[in-house]
Amino acid sequence: MSYVHHTILVVDNDTDQAHFTKLALQRVGVITPVQSARDGEEAIGYLSGRGSYQDRDCYPMPVLMLLDLKLPHISGVGLLSWLREQPSLRRLPVVVLTTPVPAADLNRAYELGCNSFLVKPNSFNALLVMMQNLVQYWLGLNIAPELAAQPPAQEQSGSTI
């Protein structure tokens with residue numbers, strides 16, 4: 001199965017990890033280019049459509065964000081907190097994909113609204129299996145919410161039912 005028009009934003013400052021995650025996503029059928037941000041500030045720029053991210057044809061809004069908690073400048077927890085305060089983005093599904101962290105960080109991520117919490121595997125094959133399961137659930141089975149910036153179809157057509 002292939003997944004088109006399912007933009008995933010990978011937020012990870014480890015360029016090797018981000019590369020392997022993107023590669024694994026492509027191998028399991030995510031055809032739309034997987035977007036990436038190296039830190040919380042860049043992710044906020046992407047999600048806000050600021051600067052070079054204004055062109056939504058090149059940088060479409062993601063349907064899912066994979067978030068590392070250990071980021072420079074603005075941490076993953078800080079980014080998650082910012083995201084949930086944004087009316088247009090607060091429903092964006094977020095899967096934390098990070099190295100093992102203390103239970104307090106895990107609990108804080110859930111309190112801030114992460115939708116799932118995964119620990120990065122140690123091998124590419126394990127990452128491939130993880131991405132296969134992740135994609136099947138989040139892009140295949142899960143019904144994604146509408147982001148607030150996207151008006152319901154009835155409003156777009158002018159219907160007042």
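**Figure 1. E111 and R108 in helix α4 of the predicted model.** E111 is exposed in this predicted model, with a relative accessible area of 59%, while R108 is partly exposed, at a relative accessible area of 38%. The two residues form a salt bridge in which the closest N and O atoms are 3.6 Å apart. Both of them belong to helix α4, which covers residues 103-111, and they stand three residues apart, about one turn of the helix. This contact is one of the four salt bridges that the structure holds.

**Figure 2. The salt-bridge network of D12, D68 and K120.** How are D12, D68 and K120 linked? These residues are joined in a network of salt bridges, and the view is best read one pair after the other. The side chains of D12 and K120 meet with an N to O distance of 2.8 Å. This pair connects distant parts of the chain, since D12 sits in the loop between β1 (8-11) and α1 (15-27), whereas K120 sits in the loop between β5 (116-119) and α5 (124-141), 108 residues apart. The salt bridge between D68 and K120 has its closest N and O atoms 3.3 Å apart. Here too distant parts of the chain are linked, with D68 in the loop between β3 and α3 and K120 in the loop between β5 and α5, at a separation of 52 residues. Are these residues buried or exposed? D12 has a relative accessible area of 5% and therefore counts as buried, the limit being under 20%. K120 is likewise buried, at 11% relative accessibility, and D68 is buried with a relative accessible area of 4%.

**Figure 3. The surroundings of D68.** In an unreviewed entry, UniProt lists D68 for "modified residue: 4-aspartylphosphate". The residue is placed in the loop between β3 and α3. Which residues does D68 touch, when those up to four places away in sequence are not counted? Its contacts are V11, D12, N13, G76, L97, T98, T99 and K120. K120 is also its salt-bridge partner, and D12 is a further member of the network of salt bridges that includes D68. The same UniProt source, again through an unreviewed entry, lists residues 7-135 for "domain: Response regulatory". The end C-alpha atoms of that span lie 11 Å apart, and the span is 41% helix and 16% strand.

**Figure 4. The largest cavity and its lining.** A search of the whole structure finds one cavity of 30 Å³ or more, and about 50 Å³ of space lies in the largest cavity. Its lining is made up of V10, V11, D12, Q17, A18, T21, L66, L67, D68 and L97. These residues divide into six nonpolar, two polar and two charged. While β1, α1 and β3 each supply at least two residues of the lining, α1 gives the most, with three residues. D12 and D68, which appear among the lining residues, also take part in the salt-bridge network with K120.

**Figure 5. The covered helix α2.** How many of the nine residues of helix α2 are buried? Helix α2, which runs over residues 40-48, is mostly covered, with seven of its nine residues buried. The buried residues are G40, E42, A43, I44, G45, Y46 and L47. Among the elements that cover them are β1, β2 (35-37), β3 and α3.

**Figure 6. V94 in strand β4 and its contacts.** V94 is found in strand β4, which is formed by residues 94-98. With a relative accessible area of 0%, V94 is buried. Leaving aside neighbours within four places in sequence, V94 is in contact with M65, L67, L80, L83, R84, C114, N115 and S116. V94 and L139 are 45 residues apart in sequence, and their C-alpha atoms are 13 Å apart in space.

**Figure 7. H73 and its positive phi.** H73 has a positive phi of about 65° although it is not a glycine. The residue is found in the loop between β3 (64-67) and α3 (76-85). Is H73 buried or exposed? H73 has a relative accessible area of 63%, which is over 50%, and so it counts as exposed.

Notes:
Residues are numbered from 1 along each chain as its sequence is written. This is a predicted model: local features need pLDDT of at least 70, side-chain atom pairs count only at pLDDT 80 or more; totals for chains, interfaces and linings use all residues. Side-chain values use heavy atoms; hydrogens and water are left out. Helices (H or I, at least four residues) and strands (E, at least two) are DSSP runs, numbered from the N terminus. Buried means under 20% relative accessible area, exposed over 50%, partly exposed in between (1.4 Å probe, protein chains only). On a 1 Å grid over the protein atoms alone, a cavity is a set of points where a 1.4 Å probe fits but cannot get out, and a pocket is an open set with protein on both sides within 12 Å along at least five of seven lines; lining residues have an atom within 4 Å of a point. Grid points are joined across faces, edges and corners, and a volume is the space filled by probe spheres set on the points. Ala, Val, Leu, Ile, Met, Phe, Trp, Tyr, Cys and Pro count as nonpolar, Asp, Glu, Lys and Arg as charged, and the others, Gly among them, as polar. UniProt positions are given in the numbering used here, feature names are shortened, and annotations may be inferred rather than shown by experiment. Contact means heavy atoms within 4.5 Å.
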